[in-house]
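Me: I've got a new structure open and I'm not sure how to read it. Could you walk me through a few features?

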Amino acid sequence: MKRVLACVLVLCLCLTVTVSAQRVVNTDDADTEAAIMTAGEVSALSVNAKSAVLMDMTSGTVLFEQNSHEALPIASVTKVMTLLLVMEAIDSGRLRYDEVVTASSRAASMGGSQIWLEENEQMTVEELLKAAVIVSANDACAALAEHLCGTLEAFTAAMNERAVALGATDTRFVDCSGLDDTGMSSAHDLALMSRELMLRHPAIQNYTTVWMDSLRGGQSELVNTNRLVRFYNGATGLKTGTTSAAGCCLAATAERDGLKLVSVVLGAPSSNDRFNGARNLLDYGFATYAQYVPPAEALVCEPIKVLHGTQKRVEVTPPAVSGISVLKSILGDIKVRAECAADLEAPVEAGQTVGDIIVYTDEQELARYPLTAACEVPRMSFGKAFCRFLAAVTVGIVENV
């Protein structure tokens with residue numbers, strides 16, 4: 001009997017080892033690991049960090065989250081908001097790339113990552129922007145902040161106002177660089193900021209995708225702190241951050257085949273953990289999702305009849321669609337239909353919603369885009385009707401003469 005039990009135990013052990021061996025994935029091949037994941041397995045995806053999120057940049061849809069709203073120190077990832085304010089100023093015309101900035105003593109005194117600005121040293125906005133993005137230069141950020149808002153305190157206030165406007169409710173900035181770890185944000189909020197920066201201000205990629213560059217006529221070498229820019233297919237940015245309180249942090253963005261993703265990792269125990277975590281999230285996103293844009297012909301709606309209006313029909317303006325992230329497994333099942341009002345009662349306002357374009361499968365609605373009236377249609381009054389009658393009678397008389 002003992003021999004039988006021993007044989008059974010050995011057999012069970014062998015089976016267990018075999019099954020376990022079949023589940024082993026080469027951790028050096030992140031693309032392979034992500035490719036075998038399905039949407040149902042996302043719950044098994046984890047990141048060795050305090051907080052993480054994966055967001056579809058185009059729609060803002062969260063594809064994965066891990067303690068995504070936990071407020072944490074974020075180190076130099078703070079600079080995502082600094083870069084956003086600078087790019088908004090440039091794109092609005094309040095700031096020019098070739099504008100000269102003079103470094104104050106306060107800006108020159110910043111510690112941490114820097115380009116060693118000297119008091120009264122002059123650089124262009126573009127040079128300082130390049131330094132802030134590529135090597136996370138705190139002195140360059142301070143110089144830009146003072147130039148734009150007068151003082152660092154005023155710029156920090158502007159950062160917090162912009163965070164509120166974006167709906168970043170977990171965020172409180174205390175400086176423009178992230179040197180002060182009493183400032184807080186969350187992975188979700190940083191994804192919102194990163195999305196706004198990369199989506200609304202694509203020119204920032206002229207800097208966020210640079211691996212190596214230089215300043216001061218080649219005397220100051222710049223090497224990007226975000227190694228995904230060099231080693232990850234489709235990487236477009238964005239920002240690293242490291243302090244003892246924050247741990248290793250990263251906001252990483254990438255694009256493949258029209259699908260744009262934002263991955264944020266906060267509080268990782270090591271630099272490798274943050275890069276591996278962001279890479280795994282991006283790999284999962286690209287392996288599982290695709291960008292779907294409804295075909296133009298599916299967005300057209302016939303003119304709608306108008307009751308008691310000064311014209312019988314009103315043209316319909318097709319919606320501006322930005323595309324949505326969908327599971328690759330349902331791409332072949334997606335349908336699009338237009339739902340328009342059968343008729344409208346005058347008056348009709350220009351831009352008035354008159355229907356919807358609905359993107360769906362048999363299982364669920366995926367997106368809805370409003371159809372709008374192309375122009376105004378006033379209500380027909382007695383006076384207008386009488387004038388039209390007189391005009392018609394006059395034309396008839398003239399034609400019969």
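Reply: Sure, and keep in mind that this is a predicted model. Let's begin with helix 6, where Asn138, Asp139, Ala140, Cys141, Ala142, Ala143, Leu144, Ala145, Glu146 and Leu148 are buried. That is ten of the twelve residues, so to speak of the helix as mostly covered is fair under the cut-off for buried, under 20% relative accessible area.

Me: What covers the buried residues of helix 6?

Reply: The cover includes helix 3 (79-92), strand 3 (100-102), helix 4 (105-108), helix 5 (125-134) and helix 7 (152-166).

Me: How do I read the length of helix 6, and what follows the helix?

Reply: The idea is to compare the end-to-end reach with what 1.5 Å a residue would give. Helix 6 runs over residues 138-149 and reaches 16 Å from its first C-alpha to its last, close to the 16 Å expected. After helix 6 comes glycine 150, with a positive phi near 95°.

Me: Which span should helix 11 have at 1.5 Å a residue?

Reply: Helix 11 (residues 271-288) has 18 residues, so it should span 26 Å, and its end C-alpha atoms are indeed 26 Å apart. Buried residues in helix 11 include Arg274, Phe275, Leu281, Leu282, Tyr284 and Phe286.

Me: Now the rings. How many aromatic pairs are there?

Reply: Rings pair if their centres lie within 6.5 Å, and the angle between the planes names the kind. The count here comes to three aromatic pairs. One of them joins tyrosine 97 and tyrosine 207, at 6.5 Å centre to centre with 35° between the planes, and is tilted. This pair links distant parts of the chain, 110 residues apart: tyrosine 97 sits in the loop between helix 3 and strand 3, and tyrosine 207 in helix 9 (residues 205-208).

Me: Is tyrosine 207 buried or exposed?

Reply: Tyrosine 207 is buried, at 5% relative accessible area, while tyrosine 97 is partly exposed at 27%.

Me: Why is the pair of tryptophan 211 and phenylalanine 231 called edge-to-face?

Reply: Planes over 60 degrees apart count as edge-to-face. The planes of tryptophan 211 and phenylalanine 231 are at 70°, with centres 6.2 Å apart, so the pair gets that name. Tryptophan 211 is in the loop between helix 9 and strand 5 (212-215) and phenylalanine 231 in helix 10 (residues 228-231), so the pair ties together parts 20 residues apart in sequence. Tryptophan 211 counts as partly exposed at 21% relative accessibility, and phenylalanine 231 as exposed at 53%.

Me: Where does arginine 337 lie?

Reply: Arginine 337 lies over the face of tyrosine 360, at 4.6 Å from the ring centre.

How values were computed: Residues numbered from 1 in each chain as written. Predicted model: local features only at pLDDT ≥ 70, side-chain atom pairs only at ≥ 80, totals over all residues. Heavy atoms only, no water. Helix = DSSP H or I, 4+ residues; strand = E, 2+ residues; numbered from the N terminus. Buried < 20%, exposed > 50% of the residue type's maximum accessible area, 1.4 Å probe, protein only. Contact = heavy atoms within 4.5 Å. Phe/Tyr/Trp six-rings, centres within 6.5 Å; stacked < 30°, edge-to-face > 60°. Lys NZ or Arg CZ within 6 Å of the ring centre and 35° of its normal.
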